[in-house]
Amino acid sequence: MLKGGQAPAHKYIDALLEYVVQGKVKLDDIITHRLPLSEIAHGYDVFKRREDGCVKVVLDPWK
């Protein structure tokens, strides 16, 4: 079973991208795990349990 929540991403995306462009936010500080799509279940589990210092998991369909 896959569960998801809604985030108001559209409301904040322009401001957040500007922070990245200005160097105020470094994505390497936020993205702690990069996994292929084949490991999606593991990614959600690690994020849910905050294992291994997990802050943000990025799923890479080309990995």
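Q: Which elements of the chain have the lowest and the highest mean pLDDT?
A: Helix 2 sits at the bottom with 83, and strand 1 (residues 33-36) at the top with 94. The score is the predictor's confidence in each residue, on a scale from 0 to 100. For the chain, the average is 87, and 90% of the residues score at least 70. This is a predicted model, where local features need pLDDT of at least 70 and side-chain atom pairs count only at 80 or more, while totals for chains, interfaces and linings use all residues. Residues are numbered from 1 along each chain as its sequence is written, and side-chain values use heavy atoms, with hydrogens and water left out.

Q: What makes a stretch a helix or a strand here?
A: Both are DSSP runs, numbered from the N terminus: a helix is H or I over at least four residues, a strand is E over at least two. By that rule the chain has three helices and two strands, in the order α-α-β-α-β along the sequence.

Q: Why is the chain called more spread out than a compact globule?
A: Its radius of gyration is 13 Å, and the globule rule gives 11 Å for 63 residues, so the chain comes out well over the rule. The radius is taken over C-alpha atoms, and the rule is 2.2 Å times the number of residues to the power 0.38. Those C-alpha atoms fill a box of roughly 35 × 25 × 25 Å along the principal axes.

Q: Why is R49 called exposed and D45 partly exposed?
A: Exposed means over 50% relative accessible area, buried means under 20%, and partly exposed is in between (1.4 Å probe, protein chains only). R49 has 55%, so it passes the exposed cut-off. D45 has 30%, so it lands in the middle class. As for the buried class, 13% of the 63 residues fall there.

Q: How do you know that R49 and D45 make a salt bridge?
A: The test is a side-chain nitrogen of Lys or Arg within 4 Å of a carboxyl oxygen of Asp or Glu. For R49 and D45 the N to O distance is 2.7 Å, so the pair qualifies. The count by this rule is one salt bridge. The two residues are four apart in helix 3 (residues 40-49), which means about one helical turn separates them.

Q: What makes V20, L27, I30 and V55 a nonpolar surface patch?
A: Patch residues need over 30% relative accessible area and no salt bridge; like charges are joined within 9 Å, and nonpolar side chains (Val, Leu, Ile, Met, Phe, Trp, Tyr) within 5 Å. L27, in helix 2 (residues 27-30), has 42% and counts as partly exposed, so it clears the 30% bar. The patch covers about 280 Å², with accessible areas coming from the Shrake-Rupley method (1.4 Å probe; for residues, only the protein chains shown count as cover).

Q: Which residues is R34 in contact with, leaving aside its neighbours within four places in sequence?
A: They are D28, V58 and K63, where contact means heavy atoms within 4.5 Å. R34 is found in strand 1 and is partly exposed at 46%. Its C-alpha is 6.7 Å from that of D60, 26 residues away along the chain. Among contacts in the chain between residues at least 6 apart in sequence, 40% join residues at least 24 apart.
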